[in-house]
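This report looks at how aromatic rings and nonpolar side chains are arranged in one protein model. The sequence and structure come first, and the description follows.

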Amino acid sequence: MGTAPIIAGSSPRHQVTAQSDFDFARHFTLDLTYRYVSALISQAVPDYSTADAHFGWELSEHFRLSIAGQNLLQPHHPEFAGDPGPLVGIKRSV
C-alpha cells in the first residue's frame, strides 16, 4: 500500500462556507459565517460544522469597537492530527 490513500484521506471531500455581511445605520456591521468540513478519514478526524460572528460599531472615522466569536457551535472540535501526535483541537473563542 502506497501513500496515495493516506494523502487523499488527509483532505476533506466536502467543504461548505456561507457568509453574510450586514451594514446597519452606517455605523454598525454584523458579519456571520457558517462552515461545514467533512471528515479526514486517514487522520480519524470527524466532520464538523461551526459558525463565527463579528459585530462592529464605528464610533468615528478613526475609532471602531468590535466583538467577535469563533467556533461558536461547540466548545471545541478537532481539525487535524498532529505529526506525530494526537488530534489538534480548536476551541471556541470570543
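The text below moves from the overall fold to the aromatic pairs and then to a nonpolar surface patch.

The model is predicted. The protein contains one helix and six strands, and from the N terminus on its elements follow the order α-β-β-β-β-β-β. Of its 94 residues, 17% count as buried. When contacts between residues at least 6 apart in sequence are considered, 33% of them join residues at least 24 apart. The protein exposes about 6,900 Å², of which carbon and sulfur atoms supply 60%.

**Aromatic pairs**

A search of the whole structure finds three aromatic pairs, and two of these are described here. F28 and F55 form a stacked pair, with 5.9 Å from centre to centre and 20° between the planes. Because F28 lies in strand β2 (residues 28-37) and F55 in strand β3 (residues 48-60), this pair ties together parts that are 27 residues apart in sequence. F28 also forms a stacked pair with W57, at 5.8 Å centre to centre and 15° between the planes. Here again the partners come from strands β2 and β3, so that the pair of F28 and W57 ties together parts that are 29 residues apart in sequence. F28, F55 and W57 form one aromatic cluster.

Are the residues of this cluster, and L72, buried or exposed, or in between? The table gives the relative accessibility of each residue.

| Residue | Relative accessibility | Class |
|---|---|---|
| F28 | 29% | partly exposed |
| F55 | 36% | partly exposed |
| W57 | 38% | partly exposed |
| L72 | 33% | partly exposed |

F28, at 29%, counts as partly exposed because the buried class is reserved for values under 20% and the exposed class for values over 50%.

**The nonpolar patch**

Two residues of the cluster, F55 and W57, reappear on the surface, where they form a nonpolar patch with L59, F63, L65, I67, L72 and V94. Together, these residues have about 760 Å² of accessible area. The elements that give two or more residues to the patch are β3 and β4 (63-69). L72, another residue of the patch, is found in the loop between β4 and β5 (76-81).

Taken together, F55 and W57 belong both to the aromatic cluster with F28 and to the nonpolar patch, while F28 lies in strand β2 and pairs with each of them across to strand β3.

Note on methods: Residues numbered from 1 in each chain as written. Predicted model: local features only at pLDDT ≥ 70, side-chain atom pairs only at ≥ 80, totals over all residues. Heavy atoms only, no water. Phe/Tyr/Trp six-rings, centres within 6.5 Å; stacked < 30°, edge-to-face > 60°. Helix = DSSP H or I, 4+ residues; strand = E, 2+ residues; numbered from the N terminus. Buried < 20%, exposed > 50% of the residue type's maximum accessible area, 1.4 Å probe, protein only. Contact = heavy atoms within 4.5 Å. Areas by Shrake-Rupley, 256 points an atom, 1.4 Å probe, with all protein chains shown as cover. Patch = residues over 30% accessible without salt bridge, like charges linked within 9 Å, V, L, I, M, F, W, Y side chains within 5 Å. Salt bridge = Lys/Arg side-chain N within 4 Å of Asp/Glu carboxyl O.
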